[in-house]
Amino acid sequence: MADLRINLAGIESPNPFWLASAPPTNSGYQVQRAFDAGWGGAVWKTLGDPILNVTSRFGAVSFNGQRVAGFNNIELISDRPLEVNLKEIKETKKLFPNHTIIASLMVEPKQEKWHEIVKRVEEVGVDGLELNFGCPHGMAERGMGSASGQVPSLVEQQTYWVKEVAQTPVIVKLTPNITDITATAEAATRGGADAISMINTINSLAGVDLDTWNTIPHVGGKGAHGGYCGPAVKPIALNMVAECARSPHINIPISGIGGISTWQDAVEYMLMGASGVQVCTAAMHHGFRIVEDMIEGLDNYLEQKGIASVMDIVGKTVPRYSDWGDLDLNYKIVARINNDVCINCNKCHIACEDTSHQCIDMLKDGNGYNILKVREEDCVGCNLCSIVCPVDGAIDMVEVPSGLPPMTWNERQAALGAVSCKIDSVK
Amino acid sequence: MSLSNTRISYQNLKMNFNEVNPGLTDREAIEESNRCLYCYDAPCITACPTGIDIPTFIKKIASGNIKGSAKTIMKSNPIGASCARVCPTEELCEGACVLNRSTKPIMIGNLQRYATDWAIRNEQVLFEPGKKNGKTVAIVGGGPAGLSAARELGLLGYDVTIFEAAENAGGLNTYGIVSFRLPQNISFWEVKQVESLDVKIQTNTRVGEDISVDEILTNFDAVILAIGMSKVPSLGIDGEDLDGVFDAIDFVMETKTKPISDRFLGKRVVVIGAGNTAIDGATCSVRLGAENVKILYRRTVKEMTAYDFEYEFAKQDGVEFRWLTAPKKIIGDEQGLVKAIECIKMELGEPGKDGRRSPIPIEGSEFILEVDAVIKAIGQTRYTGLIEQFGLEHKGGVVKINPETLQTSNKKVFACGDVIFGKGQGEAMVVSAAQQGKDAAYAIHKVIFGAVSEIV
């Protein structure tokens, strides 16, 4: 068995799978059940001043008949008294001393408020703090959550206030509802954060009911924007993690969050620079027991790759993530169709014909059977055909030699600049 | 007597005639329709004799546009609700599905039924009559081919009258296919769809008796002959007129038109023949509570014309098959009731003209089966008399046509459906009759207006 233990900014955990701060971590009962099921850690549902919730809180998006491709909520932070949460955190930590409990916190952007809550939660023995600067709905209307998290100076200031008193590592949870997440990630770094976590949910409206014309969800006929998460947001979150991971100005660990449903998702996040992951929607969809497969699948993967510790994969893909201008313009791939495997649904043909570069022909072979063939000289290597193909192995994207040395856009522009300088000098 | 078939209720025989296949649930339909690849230039379309745009109707189920789905189906096939139930889909659309080569084919028939059932349940009227063009067409016979022709002509603006001998239109779908596979209300809905195009259907009107052939030939601009086929021919053996000998077609029709009787409860039945009608006769007998049902066939399972799924269904119903067995004589008791049938074993000789090996009796192999009823299902006779009243050239009751135009020897008379099936001509499937009906309509339109295109 590979070593699945992680260390994120000094916070140790038996495995990289934490439950994110959300409904699954609302109570001691739930977190204890989660630890029993195998979750390595839990970020307790955000603590702060008591709030009131509405009913009809969640909405979800189905895609092609599959439930919960994306998930939307308008639930606020914990609606239970702080004392009760603190008592249950203490109990849970006592029962599960080797599991990680992080307290998620959200208070008004005032120094004394932050000092007070940090002291109170650290008293009960949490392993770390997560500052919720991300929640996009409800709390944001009161100047907290993403309203704070969208302003780099507020992120920096509040992180600083927390660090003034915190004894445990401080993770700053970032909102994706911002043009460039590295701006707030850097602000957190400047404020002294020990780690950052991302992403919180994305501003969203799950849908509109075609019969009643109500929003989904609605509260007595009225709706408000919620926060979006689940499998559909993974590519957005993964990019944000990657952008922070490759930034030379952000050198603190990352806890990855956003649409993680399987061990494979977790591996991707860790390769992209996350030291651990947080999960919510998948647990809400299927229950805590899914973690068993996450742990086992990750272990088998590492074993098969001959990797001793999961921490060894953290960030391994980061050097390969760059800017478009650094990509090789002379790298060439083309589609090749394996007609022995192809089932002739012709989806590649029509996708290419209607929406790409018109280079897949429907032909007959010598025996009169339908075949599909790529005119490689016209293929731009866009991948679309292999994406729409329903059969594994029917379309390969193969590298073909372009006969040219690698040349990026940036190199090309630099070379052109040099040439024009010469011309100028000739003048 | 051992009434032990668990598929059958012996207390409530009527229940046995409820549709066997429950149809897809909403969730099943959503999952299955989403599994369809939405192929481009899909082979299922080509495999459908009526060319239903199958990927499109399935996509519409997935999107929740069930009315649009039903319309896509019915546009290509005016009896698409019936065909969803009776088509040999594994030989047609589902057999052509590309997923046969990777996972398993889409349940096209069941999805087609899901969409059309929705339209039936919600009493949808899917089409509007075309702008009247002033031309009249008489259609003789309101079965699948006739209805299909009427529907297309109605859309093209013709003034169409169907002459139907029976009490209701629908033909085979209304009277000939067992209720537990195709309930009458499905066929009636299809008839109503045709009527909604201002097509007049004169039922209880037998052409040649209730209205003369001359009148029809004189009063209409064109005539379509879609009279199908007639009764089961006689076996040509002793005892055929005994009480307890039935024509399979009449026998099935009774189960669809009269209250279910218990006269077969605990009885022993033999069915002669092994086509789809024979299977229907046998499975109806089982459902009427017969204790033992045997199909006697003079050839073997290989030559049997029943579809595989019909054969499987009959076996599951507990029907026994006696291959290479021909009836020789039906034996009655003193009251004139069937009490036994004398059979003779056969062997197969050289292939005959139709390519099937012909059976030869084995001398001295006679044996007697004690039975209470004999159902004849050895094919159907032709309405040769009516064909001759029309003065049309025919070959043993199979009307001669120009395959390009479906025109008979009388250029004003077109023919489609079972009346042109046989002697190496045409196809016997309901779905083929539907397509021929459409083709006859287009042929008339071409002759009258020079137009060739299908209605869009």
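The following passage describes the fold, cores and chain contacts of a predicted two-chain model.

Residues are numbered from 1 along each chain as its sequence is written, and chains are lettered from A and ligands numbered from 1 in the order in which they are written. Since the model is predicted, local features need pLDDT of at least 70 and side-chain atom pairs count only at pLDDT 80 or more, whereas totals for chains, interfaces and linings use all residues. The model scores ipTM 0.87 and pTM 0.91. For chain B, the mean pLDDT (the predictor's confidence in each residue, from 0 to 100) is 95, and 98% of the residues reach 70 or more.

The secondary structure of chain A comes to 13 helices and 20 strands; helices (H or I, at least four residues) and strands (E, at least two) are DSSP runs, numbered from the N terminus. Along the principal axes, the C-alpha atoms of chain A fill a box of roughly 80 × 65 × 50 Å. Of the 427 residues in chain A, 42% are buried, where a residue is buried if 20 or more other C-beta atoms lie within 10 Å of its own, exposed if 12 or fewer, and partly exposed in between, with C-beta atoms placed from the backbone. Contacts (C-beta atoms, placed from the backbone, within 7 Å) between residues of chain A at least 6 apart in sequence join residues at least 24 apart in 73% of cases.

Chain A contains a closed barrel of eight strands, β3-β4-β7-β8-β9-β10-β15-β16, with parallel pairing; two strands pair if DSSP finds at least two bridges between them. The twist of this barrel averages 25° from one strand to the next, with axes being lines fitted to C-alpha atoms, for helices over the stretch in contact, and angles running from 0 to 180 degrees between N-to-C directions. Within the barrel, strand β10 (residues 195–198) of chain A pairs with β15(A) in the parallel sense over three bridges, and A:Ile196 has A:Ile254 of β15(A) as its bridge partner. Helix α8 (residues 263–271) of chain A is mostly covered, seven of its nine residues being buried; among them are A:Trp263, A:Asp265 and A:Tyr269. The elements covering the buried residues of α8(A) include β3 (17–19), α7 (234–246), β15 (254–257), β16 (274–279) and α10 (291–305) of chain A. A:Gly273, which follows α8(A), has a positive phi, near 115°.

In chain B, an open sheet of five strands has the order β5-β13-β6-β7-β8, again with parallel pairing. Strands β5 (245–247) and β8 (320–322) of chain B stand at the edges with a single partner strand each, so one side of each is left without a neighbour in the sheet. The twist of the sheet averages 25° from one strand to the next. Strand β6 (residues 268–272) of chain B is joined by four bridges to the parallel strand β13 (residues 373–376) of chain B, and B:Val271 stands opposite B:Ile375 in β13(B). Helix α12 (residues 248–257) of chain B lies across β5, β6 and β13 of chain B, at about 80° to β5(B). Helix α13 (residues 276–287) of chain B also packs on the sheet, touching β6, β7 (292–296) and β13 of chain B, and its direction makes about 170° with that of β7(B).

The largest nonpolar core (a set of buried Ala, Val, Leu, Ile, Met, Phe, Trp, Tyr and Cys residues joined through C-beta atoms within 7 Å) has 151 residues, and those with the most contacts inside it are B:Ile224, B:Leu225, B:Val271 and B:Cys416. Helix α16 (residues 430–449) of chain B gives the most to this core, with nine residues. Beyond neighbours within four places in sequence, the contacts of B:Val271 include B:Ala248, B:Ala278, B:Val293 and B:Ile375. Another core, of 90 residues, lies apart from the largest one and includes A:Ile6, A:Ala103, A:Val107 and A:Ile181.

Elsewhere in chain B, strand β10 (residues 338–351) is joined by four bridges to the antiparallel strand β11 (residues 357–361). The hairpin of β10(B) and β11(B) has five residues between the strands, and B:Gly355 takes a positive phi near 85° there.

Between the chains, 11 residues of chain B are in contact with 11 residues of chain A. Helix α1 (residues 26–35) of chain B gives the most to the side of chain B that touches chain A, with three residues.

How values were computed: Two residues are in contact if their C-beta atoms, placed from the backbone, lie within 7 Å.
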